[in-house]
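Please look over the sequence and the structure below. A short report on cores, sheets, helices and two polar residues comes after them.

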Amino acid sequence: MRGKIFTRTFCASIAGLLLWQSAILAASAEVYPAERRPDNTVYAIAGENNYVLVSLYAENQGKHSLPEISADTKDEFMLTVETPASVEYVGVFDFQGKNAPRQFVAVGESADVTRAGIAYKTRKIKLNRELLMERIVKGKYYYRIYVWFKPPQGAGGTFNWSLDLGETNLAQASNPLHVLPPIDAAKKLPKDFIVYMWSANSNVPDEYATHEAGFYRRLGVTHIGIQFWPGTTDENWKSNYRSVWATTMRKAGLKVIAERGGNYEKEIHGIRPDGYKDIGLAAGSTQACEQLQSEQNAKEYAVVAPYVDGLLWDYEPHGPGKHPGYDDVKTIAAFAKDKGIAEELTPEVLKTKYEKEYYDYRMNLMCDPIRALGKMVRGVKSDSKFYVCQGSSLPVGILLEWKNYDQDVDLHMPMLYPAYAQIYHEQVDAVAEYIGCKKLLPIGSIGWRQGGVRPHPNRIFMEYLSSAVCGTVGYAHWPDISQMDGAVLHGIWRAGTVLAPVEKFFSNGKRFTQFSAVPIPYVERTLQVGARAVDLSQPYWKGYTTARAFALGGETAFALLNFHMEEKAFFRFATDAFPQGGYLVNLEKGVYLSRNGKSFFDAEALKDVVLPVGAMNAEIWVFTADKDGIAGLQTLPEEESRNEFIQRQKDFSAKGASSVDLGKKGDIETAYALVPFNDSEDVCLKVATLSQEVYFSELGGKIWKWTVGETDLVERGSHAQSGIGMDLLWSPSSARWCGDQLRPMRLVKCVNDGKQVELIYEGDMKTGVPGLTLEKTYRISAEKAAIAVTLKMRNETPLPLTVSYWCHNTLAQVGANRELLVKDADGKWQSYPADRGGELVFPRQGLPAAQAEFLFKAHVKTPAGGTVFGDYFADAKLGVKLYMPEDFLQIYRWHSSRPGVASAEWMQEAVEIGAGCVKTIDFGYQAVDKIDQAAFIASMESKQ
């Protein structure tokens, strides 16, 4: 190994292309999921066999772009890995074991080195060149390498790796190694709470199967899936080692579930819109049911049934809410015959007189295959469990209604994959309210290679406990274990240890609805807006915390969840929840609370209790009036938390108050106002002129409402994805949708001189790019419906940062006809209707070659030839002009599957910001109403 390989951390991407005959691919590599997180850290569990997943992709989605590779190269691919000498090296498993079937890859030369005073061991592993080229270049897919190791407690240092082709270095990096505490076998785990993991990890030799099964049990996993493919026979089921793994898992006490997903596609093709277009949904459903119950499918399940405890079907068709079938004439005829309807069923008649009946009829047809498959499964093995996985199914009707087939399944498994843990909690609540909790096993995700990684290592810990405190029967996770790391796996175990001592409250107790607790702000401030007093306290905790309680046997367990990724929360009881007084106990930590040496809190003292909860963390306490409840526990002085809160309060107040100029001057008025959002209202700062009203939200410092005339131009579907001027980063990719765009920004000042209002917000990108701060200045003139923006990105780290700013705007639908207007390379304006679903990308004309790697490769249209584009609403005769900086990267239009919801976005070139330096970006918006499209296009030729 060349001595210079790990003398620096590989941070900047290398632009390049990977060639296969005439195909050009932007291949990349990364350590997954570590390099999708802001800290780039490899997490491992002390004393356990851990792995680092080195992933190669045919697409430019990994952190490190690969340089050009000749398709006919004869050079060998070499992976060099370096771990601290104190870390036990276990082995390397190449892609699906095809390099060295069912065994670890042989290690070539090794060497001892010392870095920063720490001894390291370097090892070289030769990869299978033919397989790698076939997978990445010809197959345009991915290739995985698993480096297995066992670290001792307290080990530090870095995980270093280098990928080389002959003498050419393709990628290299040095990632911090963080070793988590060992799994404590003395800690109790839940008895009845299901933890379902997709697909047992077979990326180790067979002799490790027993060890892995034991590891899953120690983590608290109760159910594990094993894929079950079409064409399964007794011979191939045993020859591909699935029977070995299934048997081993069950011997360890795990329930094994056979998983079938899209590989039932041929059976259910007839119920999809493209499948029933000739025969109709009614006949398609009948056909699907017959095929699912076929002798062949029964024979295949009979092969695996002795090895498993049930079957999970991943079944995700869109329901009649999305495909109402008013053009499905054969199904309409079947519906009329079934219901005895003699009149002609035109689309208009179906939409009015028979809308609900026809909807229910089609819903039944699409749910019948579930009933059919369940019948087949139980017919083969009567005690087989039958689980069905769908999308979230909310709103009801877009997918399938669970209540339609509730009696036919043992568990419902909705896929809830939002970008933020608090939204996951809200979704579980909503689903539980619809279907109930006792058959609900929600599926969460820390992300996957195509969809990005949820940035916080505590994410799965929070999802697990969210599922528990909502009363569900368990928690499931996708994708499979092979894409997890120590942080995820340790989070599963840790959540189980928190839940175990109080499990009975949430599974058998009754929801204590009188209970509430809220985080205490450092600065409490209220403001009268109209007839209502609104809360402007800091920090801004709305949406970041939740509290829930269940009562059982005269005691109450209450959970405090803090979803904020940086701020520790200090809770107090918001109601007289426990009027009789008693003791506060944390069974998982083995402590009880005391104040001034006294452990009993009367009703008055309870109102003043301070309970801390760490950032992205949770605590579950028990309130009991029985003194025996604290027997054997250690005391925890409440004064410690109170003093910490007081100090944080002082530190926060030392930052100084913002300056907000309220009132009317000239033709401009500034005031606080309420903006309706879902079932509540958000407090915003309003700037009103003769031509417009602009409302600014503290969440992300974005525009939350913008009215021109009578028209509201802002879509407010969700805080996470809506609004105008939302700040994101397109690069690095790990910063996309990481939650920074929802971070409250501080309003530093608001100045109104009667001619112009200037607002300045400050914030930072703590999660996506730690050390990158934002200063965002809005200027609103009294003269026209326009908003000018200056954004300053400051690098407060000691090293250069390479970032690409992403301006996200979701305008409201105004009328039915909407078009995106973009000037092409020839200077001609092109229009693109806002169709339902899909994406459009317009790269900048003349974009430097070095920027090509940052482009979004799919759905590319004509290059954009100017720095302004428009969103035009023909029915309202209104257009919005969006002005970009000269060095923009691309224009991006996203269309939701919901009609009318579309974005107008742009990204800036990736730029390097030196240590302590600032990058300034100027952009803006202008609305023009009472104008036809031709005149609006003409107006975009000028910035006036």
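The report goes from the nonpolar cores to the sheets, then to helices and single residues.

## Model and cores

This is a predicted model. Its largest nonpolar core holds 159 residues. Within that core, Trp161, Trp313 and Phe506 touch the most other members. Helix 10, residues 355–380, gives the core its largest share, at 11 residues.

There is also a second, separate core. This one has 62 residues, including Ile703, Tyr761, Met765 and Cys807. As a general background, nonpolar side chains tend to be buried together in soluble globular proteins.

## The ten-strand sheet

One open sheet has 10 strands with mixed pairing. Its strand order is 36-44-45-46-47-58-53-52-49-50. Strand 36 (659–660) and strand 50 (829–833) are the edge strands, and each of them pairs on one side only.

At one edge, strand 36 runs parallel to strand 44 (residues 746–752). Two bridges join this pair. Val660 has Cys750 of strand 44 as its bridge partner.

## Strand 49 and its partners

How much of strand 49 is buried? Five of its six residues (818–823) are, so strand 49 is largely enclosed by the rest of the structure. The cut-off for buried is under 20% relative accessible area.

Strand 49 runs antiparallel to strand 52 (residues 868–873), with four bridges between them. Here Leu820 stands opposite Asp871 of strand 52. Strand 49 also runs antiparallel to strand 50, joined by five bridges. Glu819 has Pro833 in strand 50 as its bridge partner. Strands 49 and 50 form a hairpin, with five residues between them. In the turn, Gly827 has a positive phi of about 80 degrees.

## The seven-strand sheet

A further open sheet has seven strands, again with mixed pairing. The order is 24-28-29-34-31-32-35. Strand 24 (510–511) and strand 35 are at the edges. Each has a single partner strand, so one side of each is left without a neighbour in the sheet.

Strand 28 (residues 545–552) and strand 29 (residues 555–562) run antiparallel. Eight bridges join them. Arg548 stands opposite Ala559 of strand 29.

## Helix 17: one buried side

Helix 17 covers residues 638–653, 16 residues in total. From first C-alpha to last it reaches 23 Å, close to the 22 Å expected at 1.5 Å a residue. Which residues of helix 17 are buried? They are Glu638, Ser641 and Phe645. These cover an arc of only 65 degrees around the axis, which puts them on the same side of helix 17. The general rule is that an α-helix has 3.6 residues a turn, so residues three or four places apart point the same way.

The buried residues of helix 17 pack against four strands: strand 30 (569–573), strand 32 (591–594), strand 33 (611–613) and strand 35 (634–637). Strands 32 and 35 are also members of the seven-strand sheet.

## Helix 14: mostly covered

Helix 14 spans residues 486–499 and has 14 residues. The distance from its first C-alpha to its last is 20 Å, close to the 20 Å expected at 1.5 Å a residue. Of its 14 residues, 13 are buried, which leaves the helix mostly covered.

## Two buried polar residues

Asn160 is in strand 12 (residues 158–165). At 1% relative accessibility, Asn160 counts as buried. Its side chain makes a polar contact of 2.6 Å with the side chain of Glu82. Another polar contact, of 2.9 Å, joins the side chains of Asn160 and Thr158. Asn160 and Leu177 are 17 residues apart in sequence, and their C-alpha atoms are 9.4 Å apart in space.

Ser722 is in the loop between strand 42 (711–712) and strand 43 (723–731). Is Ser722 buried or exposed? Ser722 is buried, with a relative accessible area of 4%. A polar atom of the Ser722 side chain lies 3.0 Å from the backbone nitrogen of Gly717. Leaving aside neighbours within four places in sequence, Ser722 is in contact with Lys702, Trp704, Glu715, Arg716, Gly717 and Thr810.

Definitions and conventions:
Residues numbered from 1 in each chain as written. Predicted model: local features only at pLDDT ≥ 70, side-chain atom pairs only at ≥ 80, totals over all residues. Heavy atoms only, no water. Core = buried A, V, L, I, M, F, W, Y, C linked by side-chain atoms within 4.5 Å. Buried < 20%, exposed > 50% of the residue type's maximum accessible area, 1.4 Å probe, protein only. Expected span 1.5 Å × (residues − 1). Polar contact = N/O pair within 3.5 Å; in protein donor to acceptor, adjacent residues only side chain to side chain. Contact = heavy atoms within 4.5 Å. Pairing = 2+ DSSP bridges. Arc of directions from axis to C-beta.
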